[in-house]
Amino acid sequence: NERTNELEKRHRKETWRRVSMADYGRRLAGKLTADLVLESPQGLNPVGDYELDLRRNKLAVIENLGATRDQFESIDLSENEIMRLDGFPKLHKLEQLLLHRNRIYRIERRIGESVPNLARLILTGNKISNLQDLDPLEVLHKLEMLSLLDNPVTKKPHYRLYAIYKIPSLRVLDFQKVRDAEREEAKELFGTRKGTEAIRAAETTLEEQEPVAEVERPTPEQLAALRLAIANAKSLDEVSRLEEALQRGQIPEEIKQAATAQPMEEG
């Protein structure tokens, strides 16, 4: 009986561990999986757009949005850990992206090919630092509303005029209507050599500002090694440690070594 009780106890413990690990695996280091897309809330938002809600999932990378089958007019990715505005498939129906309170510091240059009909982009509370970081947005020819409030770039001289010049379709910037007088001033300033010099001067201003560190993205081998480590973890504390490390973009050294050694072991 004592041995039977011990076996039952170990079985329950192992079952609990597997269920817990499966739950962690589904949310592994904020990975945006097809399952997460399908299981997340969706419906009409207050303005009548069909919206997918992916808020507060600790997402670090935009990926697997092909699973949406281009059904949504709005996608809410707010309050995650996203660092790059990239990774989109072709989403012709998408008109609104909500990305406030992430860690975005870079925008994909070819974003217009993926979301050509984007009209509203909310990037409040991110890490965009320089005027030229806004250049990729000039290919979004239908972009009418943009918010960059609480980004370091808003402290740059001529920030507002530069954004208006680069994105002629803008009607509202940082929740303030773009005026015709601003459009004319932006053309006068940035349509000349003087404008180019102003850009360079602005980029060398505010040197005391803390630079945004570029975090190394994990390789597929490192991600595979991390999943294996979590599957073999002996406690939820260990899983949490690995998950938090990846959230910071800092792959633990033992995972890097395992990822490096894996091909050798297979051979």
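Rings of Phe, Tyr and Trp (its six-membered ring) count as a pair if their centres lie within 6.5 Å. In this predicted model, a search of the whole structure finds three aromatic pairs. Tyr162, Tyr165 and Phe190 are linked by ring pairs into a cluster. The briefing covers that cluster, then helix 5, then the sheet.

**Aromatic cluster**

- Tyr162 and Phe190 form an edge-to-face pair, with 5.1 Å from centre to centre and 75° between the planes.
- Tyr162 belongs to helix 4 (residues 159-166) and Phe190 to helix 5 (residues 180-190), so this pair ties together parts that are 28 residues apart in sequence.
- Both rings belong to buried residues: Tyr162 has a relative accessible area of 2%, and Phe190 has one of 7%.
- Tyr165 and Phe190 have ring centres 5.9 Å apart and planes at 35°; the pair is therefore tilted, since planes under 30 degrees apart would count as stacked and planes over 60 as edge-to-face.
- Because Tyr165 lies in helix 4 and Phe190 in helix 5, the tilted pair ties together parts that are 25 residues apart in sequence.
- Tyr165 is partly exposed, at a relative accessible area of 32%, whereas Tyr162 is buried.

**Helix 5**

- The buried residues in helix 5 are Glu182, Ala186, Leu189 and Phe190.
- Viewed down the axis of helix 5, these buried residues fall within an arc of 75°, so they line one face of the helix.
- Phe190 thus has two roles in this description: Phe190 is among the buried residues of helix 5, and Phe190 is a member of the aromatic cluster with Tyr162 and Tyr165.
- On the face of helix 5 turned away from the buried side, the exposed residues are Asp180, Lys187 and Glu188.

**Sheet**

- An open sheet is formed by eight strands in the order 1-2-3-5-7-8-9-10, with mixed pairing.
- Strand 1 (42-44) and strand 10 (176-177) stand at the edges; each has a single partner strand, so one side of each is left without a neighbour in the sheet.
- Strand 8 (residues 145-147) and strand 9 (residues 172-173) run parallel and are joined by two bridges.
- Met145 has Val172, in strand 9, as its bridge partner.

Conventions:
Residues numbered from 1 in each chain as written. Predicted model: local features only at pLDDT ≥ 70, side-chain atom pairs only at ≥ 80, totals over all residues. Heavy atoms only, no water. Helix = DSSP H or I, 4+ residues; strand = E, 2+ residues; numbered from the N terminus. Buried < 20%, exposed > 50% of the residue type's maximum accessible area, 1.4 Å probe, protein only. Arc of directions from axis to C-beta. Pairing = 2+ DSSP bridges.
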